[in-house]
Protein chains: 2
Amino acid sequence: MYMEKTYLSIEELSTVLKLLGDRTRLDIMRYVSVDECCVCELVELLNLSQPSISQHLRKLKDARLVNEKRKGNWVFYSKNMNHPASEIINGILGHLPDGKKEIEELSNQNMRIICD
Amino acid sequence: MYMEKTYLSIEELSTVLKLLGDRTRLDIMRYVSVDECCVCELVELLNLSQPSISQHLRKLKDARLVNEKRKGNWVFYSKNMNHPASEIINGILGHLPDGKKEIEELSNQNMRIICD
DNA sequence: TTATAATATAAGCATATGATTATATGAGGT
DNA sequence: ACCTCATATAATCATATGCTTATATTATAA
């Protein structure tokens, strides 16, 4: 599949890279690119406090790296596939082990949140 | 040309991304990937103090993103092509306008440092 | 050896960052 | 309406970051 190379401003890109340059946020992006995740799942996966996760998600959301969708009590986050830096982000994530295993682990422990 | 995809640890990669997530360092990488640059050239190009540039270069050198080579009074920095994250770094830089124009500007002002 | 030029390091400081605890908000169920 | 659960926000704090100024290195030149 042919991909048009997107050019970004240096400012835009360094902003994205700074966000991904945090271990926790990079992990979040790994997970939400496997499947949409709600906050409590990410809390489990990352072993951090809920407010900490929420604050990271806020930054990712503000930069439009993730989408937010409420389902009842839960708020699910997913990777925004239409971000101007999507190509680069996918390139980066493609060089990392994906988060499938950990998410399956969650499933096995019956800790995944399934809505409708 | 076929490229073997390199996998990195999440920790390693987030460290690299954090370094590139700074506007100044991203610019430095853009420039040294065009051609090796000495400190005073980067000071000119980036319009920052010499110590500031040196400190950024120190971080990039410590992470082995750049190589250092002394030529007389000058110290030249170049992109390390053999970094484990080279592929990703090139991918990132490939989405940015390169620094050729600015470096040519320097040449035109006779401010490039030419050794041997 | 002394002086000079380029770079590196140290010290100081203001701001940014990421975590924690406490509290607020918002949707669902009773 | 009230309670509960999931999430968001506020307040606080310790540490990290990036810049500046001042000083130390290191190599060349006189």
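This section describes the fold of chain A and selected local features of chains A and B in a predicted model.

Chain A contains 6 helices and 3 strands. Read from the N terminus, these elements follow the order α-α-β-α-α-β-β-α-α. The radius of gyration of chain A is 14 Å, which agrees with the value near 13 Å for a compact globule of 116 residues. Along the principal axes, the C-alpha atoms of chain A occupy a box of roughly 40 × 30 × 25 Å. Among the contacts in chain A with a separation of 6 or more, 65% join residues 24 or more positions apart.

Of the 116 residues of chain A, 47% are classed as buried. The accessible surface of this chain amounts to about 6,500 Å², and carbon and sulfur atoms contribute 48% of that area. The charged side chains of chain A comprise 16 positive and 17 negative groups. The centres of these two sets are 3 Å apart.

Helix 3 was examined in both chains. In chain A, helix 3 spans residues 39-46 and is largely enclosed by the rest of the structure, because 6 of its 8 residues are buried. The buried positions are Val39(A), Glu41(A), Leu42(A), Val43(A), Leu45(A) and Leu46(A). An α-helix has 3.6 residues a turn, so residues three or four places apart point the same way. The cover over the buried residues of helix 3 of chain A includes two elements that precede this helix in the numbering, helix 2 (23-32) and strand 1 (37-38). It also includes helix 4 (50-62), strand 3 (74-79) and helix 6 (100-108) of chain A.

In chain B, 6 of the 8 residues of helix 3 are buried, and the helix is mostly covered. The residues concerned are Val39(B), Glu41(B), Leu42(B), Val43(B), Leu45(B) and Leu46(B). They pack against helix 2 (23-32), strand 1 (37-38), helix 4, strand 3 (74-79) and helix 6 (100-108) of chain B.

Positive phi values occur at several residues. Most residues other than glycine have a negative phi. Asn47(A), which follows helix 3 of chain A, has a positive phi near 60 degrees. In chain B, helix 3 is followed by Asn47(B), where phi is positive and near 60 degrees. Asn110(A), a residue other than glycine, has a positive phi near 55 degrees. Asn110(A) is located in the segment after helix 6 of chain A, and its relative accessible area of 71% places it in the exposed class. Arg64(B) is not a glycine either, and has a positive phi of about 65 degrees. This arginine lies in the loop between helix 4 and strand 2 (66-71) of chain B. Arg64(B) is exposed, with a relative accessibility of 61%.

The loop between helix 3 (39-46) and helix 4 (50-62) of chain B contains Ser49(B). Ser49(B) is partly exposed, with a relative accessibility of 41%. A distance of 31 Å separates the C-alpha atoms of Ser49(B) and Glu87(B), which are 38 residues apart along the chain.

No disulfides were found: a search of the whole structure, over all chains, gives 0. For Cys37(A), the closest cysteine sulfur belongs to Cys38(A) and lies 7.5 Å away, which is too far for a bond. Cys37(A) is buried, at 1% relative accessibility. In chain B, the sulfur of Cys38(B) is 3.2 Å from that of Cys40(B), its closest cysteine sulfur. A disulfide requires the two sulfur atoms to be within 2.5 Å, and the pair Cys38(B) and Cys40(B) is therefore too far apart for a bond. Cys38(B) is buried as well, with a relative accessible area of 0%.

Lys71(A) belongs to strand 2 (residues 66-71) of chain A. Leaving aside residues up to four places away in sequence, Lys71(A) touches Glu36(A), Phe76(A), Cys115(A) and Asp116(A). Gly99(A) is 28 residues from Lys71(A) in sequence, and the two C-alpha atoms are 23 Å apart in space.

Technical notes:
Residues numbered from 1 in each chain as written. Chains lettered and ligands numbered in written order. Predicted model: local features only at pLDDT ≥ 70, side-chain atom pairs only at ≥ 80, totals over all residues. Heavy atoms only, no water. Helix = DSSP H or I, 4+ residues; strand = E, 2+ residues; numbered from the N terminus. Rg over C-alpha atoms; globule rule 2.2 N^0.38 Å. Buried < 20%, exposed > 50% of the residue type's maximum accessible area, 1.4 Å probe, protein only. Contact = heavy atoms within 4.5 Å. Areas by Shrake-Rupley, 256 points an atom, 1.4 Å probe, with all protein chains shown as cover. Lys, Arg positive; Asp, Glu negative; His and termini not counted. Charge placed at Lys NZ, Arg CZ, Asp CG, Glu CD.
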